[in-house]
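Me: Could you walk me through how the pieces of this fold pack together? I'd like to follow the reasoning at each step.

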Amino acid sequence: MLTSDLIEANPGEQGVSEQLSTITVGQSRLEGEVFVSGAKNSVLRLMAATLLTGQRVVIRNYPAGLLDAIVHAGMLDEIGKSCRVEGSTLVVEEARPLSSRLDWRGRSIRNTLLVLGALTARTGAGAVPLPGGCDLGDRKYDLHELVLRSLGAEVWTEGGMLCAQAPSGGLTGAHIHLPIRSTGATENALLCGSLAKGETVVWNPHVRPEVLDLVKLLRTMGAEIDVFGQESIRVKGAPELGGAQHTTISDNMEALTWLIGATVTGGDVTIHNFPLADLEVPLIFLRGSGAKFYLGNDSVIVRGGCAYPVEISTGPFPGINSDMQPLFAVYGACARGKSTIVDLRFPDRYGYREEFAKIGVSSRVANGALLVEGGAALEGARVRALDLRCGIALTLLGLVARGETVVEDAWQVERGYNDIVGKLRTLGAKVSAS
């Protein structure tokens, strides 16, 4: 299936519709088997990497139903690539010479920052719409500018576009010192450094599973990359990169969602394609907080258990990712007692608590921490998905609350969960979508 077919199947945007308007959820116990799809936070980076070569790149375990992935495929088509979906495989080829400017009328995603880096590295210039994605408060793109400027590019904004121009000889390797561990800036440095002249060293990188997945693809394409933990990453630039075949890692956020969903509903669920090595720390917290699960080779069985209060703070990998904290808030809401959640990376990322309150969850913010008073009776309500992670958290609460919960702006959930409604139905959930 061509990307144009996907666009036609999802009208309303130059890329994709945002019009799955609601998900309606009734109180349910999750039971059965579910398969974790390819990781949203990885596959978008892999798609950006296809801009670094004129040869074919095949991405397996591709979550074809993700709205953000469909948007990204549309962006690649607009620039000059041809994206073809064959089941759970994405084939990306070069249909015409790449344009260095992405004129895109539809919804922007934050991955446009990586598109900018890849275009500047490959074509010498780039211009993309200012990034979209989840509103997480003070989430700027200054570190991406730092990466490009460190490698010799000029960067500026103009007419709602973020623009970059490399020197006439192209980008040149350099030492890039990141003031904070940023996943996106680390990934942009990898993309740009792979085609820059000489050696690029990224100091204080954020080395997490999605970054290592990108490293694996870039190595297959011919890049020379050495990773020294959270200390540094060294990239030796190549004159050009080749094609590759690659399998996307499993989505750790989806895996964690099913584990928490099964626990809070008193369910019995076998989760296949479970990325155990990527979730060691969250699993320690959950096991210590009443979840009962049994580990297989690439699966986890969740059976029994009872949610107890949690006390967590987010941090760089292998710690608890900021994306995970709304899920832990659901866990705390279903426990008897007070749970404490601190987001050290995005301290304003507690906006979902107002939507939680409509279902009956009592919480407050004090000294930068979210305090959740669990154990109250939850009642279904009409709520709104403020962003992707808020949306899935509200959906899980709907499984626990009495009556029906209607999640508006449900397209937000589809941005990052492949066939979420179908998988919920497979597990016996009372769910419908419109």
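Me: How are α10 and α12 oriented to each other?
Reply: Happy to help, and do keep in mind that this is a predicted model. The axes of α10 and α12 (residues 388-400) cross at roughly 25° and come within 9 Å. Angles under 35 degrees count as roughly parallel, so α10 and α12 are roughly parallel.

Me: Is the crossing of α10 and α12 left-handed or right-handed?
Reply: The crossing in question is the one at roughly 25°. For α10 and α12 the crossing is right-handed.

Me: How many residues of the contact of α10 with α12 are charged?
Reply: From α10 come Pro326, Leu327, Val330 and Ala333, while α12 brings Arg389, Ile392, Ala393, Leu396 and Leu397. Of these residues 8 are nonpolar and no polar ones take part. Arg counts as charged, and the number of charged residues in the contact is 1.

Me: Which strands stand at the edges of the open sheet, and why is one side of each left without a neighbour?
Reply: The sheet has 4 strands in the order β17-β18-β20-β19, with mixed pairing. Each edge strand has a single partner strand, so one side of it lacks a neighbour in the sheet; these are β17 (311-313) and β19 (362-366).

Me: In β20, which residue is the bridge partner of threonine 340?
Reply: Strand β18 (residues 337-342) pairs with β20 (residues 369-374) in the antiparallel sense, over 6 bridges. Within β20, threonine 340 has as its bridge partner leucine 371.

Me: Which strands does α10 touch?
Reply: Helix α10 (residues 325-333) packs on the sheet, and its direction makes about 30° with that of β20. The strands touched by α10 are β17, β18 and β20.

Definitions and conventions
Residues are numbered from 1 along each chain as its sequence is written. This is a predicted model: local features need pLDDT of at least 70, side-chain atom pairs count only at pLDDT 80 or more; totals for chains, interfaces and linings use all residues. Side-chain values use heavy atoms; hydrogens and water are left out. Two strands pair if DSSP finds at least two bridges between them. Helices (H or I, at least four residues) and strands (E, at least two) are DSSP runs, numbered from the N terminus. Contact means heavy atoms within 4.5 Å. Axes are lines fitted to C-alpha atoms, for helices over the stretch in contact, and angles run from 0 to 180 degrees between N-to-C directions. Angles under 35 degrees count as roughly parallel, over 145 as roughly antiparallel, 65 to 115 as roughly perpendicular and the rest as oblique. A crossing is left-handed if the near helix is turned anticlockwise from the far one by less than a right angle, and right-handed if clockwise.
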